[in-house]
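Please open the structure in the viewer and keep the selection tool at hand. The tour proceeds by strands and then by helices.

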Amino acid sequence: MRSVVNPFEGKSVSMKPHRTHILHVGVGAFHRSHQALVWDQLRRFDPVRYADWGITGVCLMPSDRALVQQLRKQNMHYTLREFSAQGTSHTRQIQSIDQVLLGPDDREAILSGISDRHTRVISLTITEGGYEIGRSLEHILKGEAPQTVFHYLALGLDQRRRDGQRGLILMSCDNIQENGAVLKAALDPCLAAIDPALPGWVEESVYFPNSMVDRITPATRTADVDALEQETGHRDEALVVSEDYFQWVLEDQVRALLPPIANFGVTFVPDVRPYEQLKLSVLNAGHSLVGFLGEAMGYRSIHESLTDPLIAAAFDQYALQEAIPVLSPLNGVDYAAYYQRVKSRFANPMLQDSTARIMAGSSDKIPKFLLPILRAQLALPSPQIDMATLVVALWWQYLDGIAQRAAWEELMDTRRDALRVLFEDSSSSAERLINYEPIFGELSGSDRFVSRYYKLIQDLQSLGVPQVLDPYFLKH
């Protein structure tokens with residue numbers, strides 16, 4: 001191994017540490033492969049003019065402590081490796097994060113960052129499950145110290161109001177349709193709990209643009225870190241690995257308030273919703289389908305799963321016959337071509353994206369990605385719902401397996417405790433799951449959907465996945 005200079009020592013481009021224009025909550029791998037890349041390119045383009053457009057990162061989960069410590073050890077810098085499906089890679093050093101704060105260690109600094117007039121953008125990647133506000137409201141009403149993002153935001157925005165500040169951008173970068181509107185709707189009750197007048201002030205003073213973000217970013221493996229060290233002589237424990245595809249679509253309403261990030265891959269449009277629907281319905285829901293099918297058939301990665309002709313054909317049927325036909329058209333976008341691009345991205349062997357990562361958090365993903373397609377199809381005279389319903393049946397099978405092994409600690413899901421209760425009685429778990437209102441709502445009253453769900457479960461148990469798929473793809 002050759003000796004090289006550590007690229008993370010003494011290279012900070014931040015001219016005003018601890019006072020940045022951007023505060024970002026959720027400094028996980030996706031943020032560091034996506035939004036942080038754009039801000040890094042902006043600052044490198046003109047380090048003086050855009051010096052203040054750095055990021056103050058905020059991590060609120062106790063499990064984030066190791067990452068925070070590692071980033072601080074590396075002067076907030078890290079390596080991003082982007083892989084193409086052809087096996088080529090591009091390695092970058094990302095220097096757009098100026099500091100990282102960890103709650104509750106840095107509670108006052110986080111609140112100061114939200115209320116600081118220097119802060120112009122507060123962005124979030126808190127996952128689909130992060131928009132549950134029950135704990136936030138409970139803590140606010142009890143007068144407790146903030147622990148959740150919405151509690152922090154409510155207190156910080158109240159201070160901004162007292163200071164007479166306006167023009168802040170609050171930007172969700174999570175995989176949720178109309179995520180800006182969802183962010184505002186989740187925040188409003190917390191604002192009202194602080195002061196009934198606060199939601200009105202926020203309505204007039206804060207922008208909530210919708211956005212759509214896309215870049216497959218699997219969990220970094222030790223093998224990835226080892227490979228980087230072998231190639232460069234530098235070991236980066238904060239390494240991020242992603243595909244080379246990048247997309248960020250943002251509403252026009254905030255373009256004038258931001259620097260020229262359109263030069264670095266951001267697309268501004270009047271209406272983000274069609275882009276959201278296409279991506280969430282085809283890519284995200286398709287990820288769940290491939291992930292569950294792959295896991296059930298013995299595969300452990302997404303790209304390996306797609307080498308199976310049955311899984312590839314199931315993905316084709318879902319995307320081309322179930323999802324795309326119920327999506328709103330988008331001028332200039334060929335949906336079938338978009339799907340083929342998604343499929344080729346999933347097949348990228350360099351990413352080693354695990355089925356386990358895709359199945360994690362399914363109680364948040366399925367309602368947001370998959371069920372809108374089911375509802376739209378069920379409104380048609382001849383609905384096509386087989387593959388979408390199969391995802392739900394496979395989810396039941398996966399949870400049933402966990403229940404049978406008494407291995408609930410393995411389940412990465414915000415509703416783990418509630419799901420455990422549903423599966424206490426194995427003889428009724430399929431019925432209890434499909435009637436779980438927080439996830440399925442009125443769909444549990446659809447005879448067509450529910451009967452198909454029960455039939456697929458029966459077939460999965462008696463025949464197995466290949467035989468369930470066989471009638472669709474080998475005999476038709």
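Select Gly57 first: in this predicted model, Gly57 stands opposite Val100 of strand S5. Extend the selection to strand S2 (residues 55-59) and to S5; the two strands run parallel and are joined by five bridges. Now display S5 (residues 97-102) with its surroundings. Six of its six residues are buried, so S5 is largely enclosed by the rest of the structure.

Next, select strand S3 (residues 78-83). Here too, six of the six residues are buried, and S3 is therefore largely enclosed by the rest of the structure. Show the side chains: Tyr78, Leu80 and Glu82 point one way from S3, while Thr79, Arg81 and Phe83 point the other way. In a regular strand, side chains alternate between the two faces of the sheet.

Add strand S4 (residues 89-94), which pairs with S3 in the antiparallel sense over six bridges. Arg81 has Thr91 of S4 as its bridge partner. Five residues separate S3 from S4 in this hairpin, and Gly87 in the turn has a positive phi of about 100 degrees. Then add strand S10 (residues 240-243), paired with S3 in the parallel sense over four bridges; Leu80 stands opposite Val240 there.

Finally, select helices H12 (residues 309-323) and H13 (residues 335-346), whose axes come within 11 Å and cross at roughly 150 degrees. Because of that angle, H12 is roughly antiparallel to H13. Which residues make the contact? Highlight Ala312, Phe315, Asp316, Ala319 and Leu320 of H12, together with Ala336, Tyr339, Val342, Lys343 and Phe346 of H13. These comprise eight nonpolar, no polar and two charged residues.

Notes:
Residues numbered from 1 in each chain as written. Predicted model: local features only at pLDDT ≥ 70, side-chain atom pairs only at ≥ 80, totals over all residues. Heavy atoms only, no water. Axes fitted to C-alpha atoms, helices over the stretch in contact; angles between N-to-C directions. Parallel < 35°, antiparallel > 145°, perpendicular 65-115°, else oblique. Contact = heavy atoms within 4.5 Å. Nonpolar A, V, L, I, M, F, W, Y, C, P; charged D, E, K, R; others polar. Buried < 20%, exposed > 50% of the residue type's maximum accessible area, 1.4 Å probe, protein only. Pairing = 2+ DSSP bridges.
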